[in-house]
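Two short exercises follow, each with a worked solution. Keep the sequence and the 3D view at hand.

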Amino acid sequence: MPATSQCRICAGTVREFIDFGRQPLSDAFVDPAFRPEEEFFYRLATGVCGDCRMVQLMEEVPRERMFHADYPYLSSGSTYMRSHFEDIAKRFLSTELTGEDPFIVELGCNDGVMLKTVSDAGVRHLGVEPSGGVADVAAAKGVRVRKDFFEEATAADVRRADGPADVIYAANTLCHIPYMDSILKGVTTLLKPTGVFVFEDPYLGDIVERSSFDQIYDEHFFLFAAQSVKEMAARNGLELVDVERIPVHGGEVRYTLAPAGRRTPSAAVAALLAEEEARDLAGLATLEGFATSVRKIRDDLVALLTRLREEGKTVAAYGATAKSATVANYCGLGPELVAYVSDTTPAKQDRLTPGSHIPVKSPEHFADPYPDYALLFAWNHADEIMAKEQAFRDSGGRWILYVPDVHIV
Ligand code: SAM
Ligand code: TMP
Ligand code: ZN
């Protein structure tokens, strides 16, 4: 009998299709003086609901273990992502936020990478961000932040204090939240009847197409697709009125929901739904095929790194991403195969990667001297990183990628 769990959207039966085994928290970088018994592990496995077709984790990690004062991820770490968020802020400012005294709320505003542009334009806004450290960084930029988890009660409170919102926005945050019922009730409470709820998250279609299994980790509870988002919206009096495929973080979709019946769905919605139907995106056979590709990637990557070690080559990794926790722990990588990981985030440096205990070093270390090979954990920022690290290539260095398959460039 395959393992099952209860769907967090519709209470239907979720059937497991891939198991990554025992995994640590993806953003819990450990102090080198840690006590092993203090490291938290859970079972990472993913399944699909037979009723609403939502792909989701089989087990949930308590939110306070992931999002707290020391949550290390800073959204402004990538130049490309900074301009991506500036663009969407400007788009809101020239479309949805042009009425009288408009108001936008962002869930998971992190270091203020998007709301800074709204704040600079003098438009009323609020970021709801539970991770205190990153919320402080946003506040220091002049962004108005409430240090809290967004949920139904928070939404009611914000509405009482600030009135209803024209736009509620969330990037790489909604898929982190298992308690979707409370979130969507909160959105309905806070949104004006004429307002929109816009969110962007990794797209199941891209994950399956590229076998990008590292998009699966504790924080990514849901892997959304147009079909499942449409269902989830409809259960809460909302309607999927637009979708836009965006080329960030390895392929995402930006979904727009509106109160049911208020806006006419765009042609893009019907087109994406038809495409998902045609490829049977959430079908068990498709997802089991994905699992087979993932096992091959693991075997190929371990074989390559083992061969390079036997040949006496030096290998480091680049970007201590949350995603890479799944890769390192599923493939059993440790400091004997990957000497260290280079990363720009101060809160990750001089710590060890969760579970796999590979030292994290600053980018200066990467050039001193360059390794023979660099395993690109931050493959979603490949263009930006490869351009920045041209000197590594010029010195004879080679990049190892494992999406969509294991290859060297
Ligand atoms: N929006 C930023 C971006 O796209 O780069 C940050 C994304 S970060 C991966 C996810 C953020 O969601 C974290 O800063 C976390 O603290 C926040 N978060 C988690 N649960 C939340 C909730 N219930 N309400 C609001 N924010 C939440
Ligand atoms: P992300 O894939 O979740 O955005 O995480 C990217 C990680 O990679 C983050 O820890 C910052 C790091 N990074 C670098 O070290 N150098 C870079 O040039 C970029 C873009 C990211
Ligand atoms: Zn379901």
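**Exercise 1.** Find the backbone oxygen that lies 3.2 Å from a polar atom of the side chain of Q56, then describe the setting of Q56.

Solution.
1. The backbone oxygen belongs to M54, 3.2 Å from a polar side-chain atom of Q56.
2. Place Q56 in strand β4, residues 55–57. Strands are DSSP runs of E, at least two residues, numbered from the N terminus.
3. Q56 counts as buried because its relative accessibility is 1%. Buried means under 20% relative accessible area (1.4 Å probe, protein chains only).
4. List the contacts of Q56, leaving out residues up to four places away in sequence: Q6, C7, R8, V14, A45, T46, G47, C49, F221 and F222. Contact means heavy atoms within 4.5 Å.

The model is predicted: local features need pLDDT of at least 70, side-chain atom pairs count only at pLDDT 80 or more, and totals for chains, interfaces and linings use all residues. Residues are numbered from 1 along each chain as its sequence is written, chains are lettered from A and ligands numbered from 1 in the order written, and side-chain values use heavy atoms, without hydrogens and water.

**Exercise 2.** Which residues come nearest to ligand 2? Work outward from them to the shell.

Solution.
1. Y73, K323, D343, K348 and K388 come nearest, of 18 residues around ligand 2.
2. An N or O atom in the Y73 side chain is 2.8 Å from a ligand 2 oxygen. For K348, a polar side-chain atom also lies 2.8 Å from an oxygen of ligand 2.
3. Helix α13, residues 382–388, gives the largest share of the shell, three residues.

Methods
A residue is near a molecule or strand if one of its heavy atoms lies within 4 Å of it. A polar contact is a pair of N or O atoms within 3.5 Å; within protein, one must be able to donate a hydrogen and the other to accept it, and residues adjacent in sequence count only if both atoms are side-chain atoms. Helices (H or I, at least four residues) and strands (E, at least two) are DSSP runs, numbered from the N terminus. Buried means under 20% relative accessible area, exposed over 50%, partly exposed in between (1.4 Å probe, protein chains only).
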